[in-house]
Amino acid sequence: MFSYKEIGLVNTRDLFKKAMAGHYAIPAFNFNNMEQMQAIIQACVEAKSPVILQVSKGARAYADKYILRNMARGAVEYAHELGCDIPIVLHLDHGPNFEVAKDCIDNGFSSVMIDGSALPYDENVALTKQVVEYAHAHDVTVEAELGVLGGVEDDVAAEESKYTKPEEVVDFTSKTGCDSLAISIGTSHGRCKFTPAQCTRTADGVLVPPPLAFNVLEAIEKELPGFPIVLHGSSSVPVEYVRIIEQFGGKIPDSVGIPEDQLKKASQLAVCKINIDSDGRLAMTAAIRKFFAEHPDKFDPREYLGPAREELKKMYMHKCTDVLLSAGHALD
């Protein structure tokens with residue numbers, strides 16, 4: 001058993017209380033490698049924002065769970081060296097079963113998500129409760145999910161979304177004891193969060209998605225006043241990154257995300273954690289494709305991963321400062 005406290009990480013309990021009181025959301029940025037981690041920490045230190053380093057099942061398989069744990073240790077030390085001991089959480093994103101969640105808890109994660117949203121209601125309750133009991137014994141916080149998000153990202157896939165039912169949230173949270181709840185109000189995984197048929201199109205061809213179901217969020221908040229709410233699938237899929245990727249040989253048609261003004265509105269309501277993964281992938285890919293097109297003779301990974309890291313940092317800072325409003329709250 002390895003405790004997250006040994007490496008200076010924190011769980012989400014106090015962070016979420018402060019976020020709800022301050023009407024902002026904690027950024028949950030997915031990472032898989034060193035450059036992503038460096039960019040996240042650089043941006044959040046500069047913005048003085050708390051941060052959740054988020055790891056999917058796929059990231060654990062790609063980078064190795066022990067390397068990721070030590071990268072989290074490095075992130076804490078890196079933030080200190082950069083001059084600001086921001087609160088850092090190491091979180092399992094979309095844990096598929098009890099065994100994976102337990103393994104993360106045993107290996108230094110300070111927060112885990114157990115995703116039983118595709119299961120029948122009673123099975124979701126039972127699985128979530130099992131994880132909560134084990135996690136709380138080790139002072140690890142647990143995020144659960146109720147409702148289904150559409151889209152595809154890593155090992156998570158659903159053909160269509162199903163909004164969270166406000167009438168179920170009190171029963172679910174009281175039976176499971178979870179610390180936060182991921183809900184479905186119209187966000188979606190991946191870079192194509194809506195089909196073209198669901199969107200309108202501007203004169204220059206940009207897809208405009210339908211608005212989030214804030215009425216569902218408000219109904220949930222009424223049922224669960226003061227309870228931490230989480231939004232998954234909340235990348236905005238910036239048009240500028242999509243255009244750079246396609247300008248330099250990529251083919252990612254019909255890419256559309258969640259408008260940032262809607263995410264900002266959500267962060268000022270009950271939502272205290274917002275997950276962002278696809279935007280990081282797009283920023284990194286756009287920078288690398290542009291670099292290779294402009295420097296076809298280059299092959300040193302440091303030369304193309306460096307600009308990618310800088311683009312990531314810029315994007316993460318923008319999210320903290322202008323969208324989630326978490327900037328300046330690291331030392332609350």
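Here are legends for four close-up views of this predicted model.

**View 1. Eight strands close into a barrel.**
Going round the barrel, the 8 strands come in the order β1-β2-β3-β4-β5-β8-β12-β13, and the pairing is parallel. Neighbouring strands of this sheet are turned by 25° against each other on average, if you ignore direction. Zooming in on one pair, β1 (residues 26-30) and β2 (residues 51-56) run parallel and share 3 bridges. Look for Ala28, which sits opposite Ile52 in β2.

**View 2. Helices α1 and α12 against the strands.**
Helix α1, residues 13-22, packs on the sheet. The strands α1 touches are β1, β2, β3 (88-95), β5 (141-146), β8 (180-183) and β13 (271-276). Compare directions and you get about 110° between α1 and β13. Helix α12 (301-323) lies across β1 and β13, and its run makes about 160° with β1.

**View 3. Helix α6 packs with helix α7.**
Here α6 (residues 121-136) meets α7 (residues 166-176) at an angle of about 35°, and the axes are 8 Å apart. The crossing of α6 past α7 is right-handed. On the α6 side, the residues to pick out are Tyr121, Asn124, Val125, Thr128, Lys129 and Val132. Across from them, α7 brings Glu168, Asp171, Phe172, Lys175 and Thr176. It's a mixed bag by class: the contact has 4 nonpolar, 3 polar and 4 charged residues.

**View 4. The largest pocket and what lines it.**
If you're after a volume, the largest pocket comes out at about 520 Å³. There are 29 lining residues, and the closest to the pocket centre are Ser236, Val237, Pro238, Val239 and Glu240. Helices α9 (239-247) and α12 (301-323) each put at least two residues into the lining. The largest share belongs to α9, with 6 residues. Sorted by class, the lining holds 14 nonpolar, 5 polar and 10 charged residues. Helix α12 is worth spotting again here: the helix that helps line this pocket is also the one lying across β1 and β13.

Definitions and conventions
Residues numbered from 1 in each chain as written. Predicted model: local features only at pLDDT ≥ 70, side-chain atom pairs only at ≥ 80, totals over all residues. Heavy atoms only, no water. 1 Å grid on protein atoms, 1.4 Å probe; cavity = no way out; pocket = protein on both sides within 12 Å on 5 of 7 lines; lining within 4 Å. Points joined across faces, edges and corners; volume = space filled by probe spheres on them. Helix = DSSP H or I, 4+ residues; strand = E, 2+ residues; numbered from the N terminus. Nonpolar A, V, L, I, M, F, W, Y, C, P; charged D, E, K, R; others polar. Axes fitted to C-alpha atoms, helices over the stretch in contact; angles between N-to-C directions. Left-handed = near helix turned anticlockwise from the far one by under 90°. Contact = heavy atoms within 4.5 Å. Pairing = 2+ DSSP bridges.
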